[in-house]
Amino acid sequence: MSKAPKKKTVKPTELQNELLIYLNGEFVPKSEAKVSVFDHGLLYGDGVFEGIRSYNCLVFKLKEHLERLFESAHTIMLTIPYNQEEMTEIILETLRVNKLRDAYIRVVVTRGEGDLGLDPRKCKKATVFVIADSIVLYPEKLYRNGMGIITVPTVRNLPEAVNPQVKSLNYLNNIMAKIEANNSGYMEALMLNPQGYVAECTGDNIFMVKERILSTPPAHVGALKGITRQAIIDLARRNDVPVQERMLTRHDLFNADEMFLTGTAAEVIPVVSLDGRQIGNAKPGRVTAKLRSAFADLTKRDGARYSI
Ligand code: PXG
């Protein structure tokens, strides 16, 4: 029943050296994978995306990522021209044709080509592409020693405006925050919501540990419901670490015993300073280490399998 991928336009020689991109029903070499300048994904950030990882031929939490993609699309009234089963096959095939065991996968669905006006009704067909590439991890040193982060002036989008639970192509809110962190010499920014409560970081969710209790802000404060975040909550429960989803202030974070960030790219990364305040003893903590190792184990067994 799967109608995609429809065909491959590549010659065998190209398979060896150039990355193949799934684009609107075809696999095309990276140098030929182009979208129109009239695409509303580009003109207005009108679209949705997912960032997914595969570990040794297992696509981690693929079902959850696709559910979030379809929910994001539903909220912005964007019709994805495939069902979840077909999207699964497209993603797995993209990994297979590129012979990638470990990859970072970017799935993008835009409103498609329209005219220069905002009106999405002018866009007749969504643009769908999938890029699977080798991954760039944070430097190993940061995982060993922990990172420092800084609170930035740009607050996280209001849920009533652009809901942070929609993983849209409109990432300027996060990029502004990233620029502010970078300007101060930091790699990641803590973003508060307009009421001053802790929301999340620019591309990661945030957790703290105090007296062995794990806490993270609820999604409704203005955070993405991270797939890694949920995996960590589940792992904590299974490992007898009490978990709370509760409103957090910077004061709570400053006085935490441990802190870490979670995300598909970052996985679980310890934080040892926030706004110049040392967190705990300024070393990655024991609960963090335990969850990091449980997460690494999970990526070895949980996911959609493919062979190359
Ligand atoms: N919050 C935000 C705002 C994100 O964009 C996460 C949390 C973590 O969610 P997952 O489901 O991945 O556990 C994300 C996702 C990057 C990059 O280059 C990171 C994300 C998305 C796109 C690019 O660091 N993180």
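This report describes the ligand site of a predicted model and two backbone positions with positive phi.

In this predicted model, local features need pLDDT of at least 70 and side-chain atom pairs count only at pLDDT 80 or more, while totals for chains, interfaces and linings use all residues. Residues are numbered from 1 along each chain as its sequence is written, and side-chain values use heavy atoms, with hydrogens and water left out.

**Ligand site**

The ligand lies between domain 1 (6-135) and domain 2 (140-298), because both give residues to the shell around it; the domain bounds come from an automatic or database domain assignment. The shell holds 20 residues, of which Tyr 171, Glu 200, Ile 227, Thr 228 and Thr 264 come nearest; a residue is counted when one of its heavy atoms lies within 4 Å of the ligand. By class, five shell residues are nonpolar, nine polar and six charged (Ala, Val, Leu, Ile, Met, Phe, Trp, Tyr, Cys and Pro are nonpolar, Asp, Glu, Lys and Arg charged, the others, Gly among them, polar). Strand 6 (103-110), helix 7 (227-238) and strand 14 (258-263) each supply at least two shell residues; helices (H or I, at least four residues) and strands (E, at least two) are DSSP runs numbered from the N terminus.

The table gives polar contacts of the ligand, that is, pairs of N or O atoms within 3.5 Å.

| Ligand atom | Protein partner | Distance |
|---|---|---|
| Nitrogen | Glu 200, side-chain N or O atom | 2.6 Å |
| Nitrogen | Gly 203, polar backbone atom | 2.9 Å |
| Oxygen | Lys 167, side-chain N or O atom | 3.3 Å |

Taken alone, the ligand exposes 550 Å², and the protein buries 84% of that (Shrake-Rupley method, 1.4 Å probe).

**Backbone positions with positive phi**

Most residues other than glycine have a negative phi. Asn 56 has a positive phi near 45° and is placed in the loop between strand 4 (47-55) and strand 5 (58-59). Asp 275, likewise not a glycine, has a positive phi of about 50°; Asp 275 is found in the loop between strand 15 (267-274) and strand 16 (277-278).

Terms used: A polar contact is a pair of N or O atoms within 3.5 Å; within protein, one must be able to donate a hydrogen and the other to accept it, and residues adjacent in sequence count only if both atoms are side-chain atoms.
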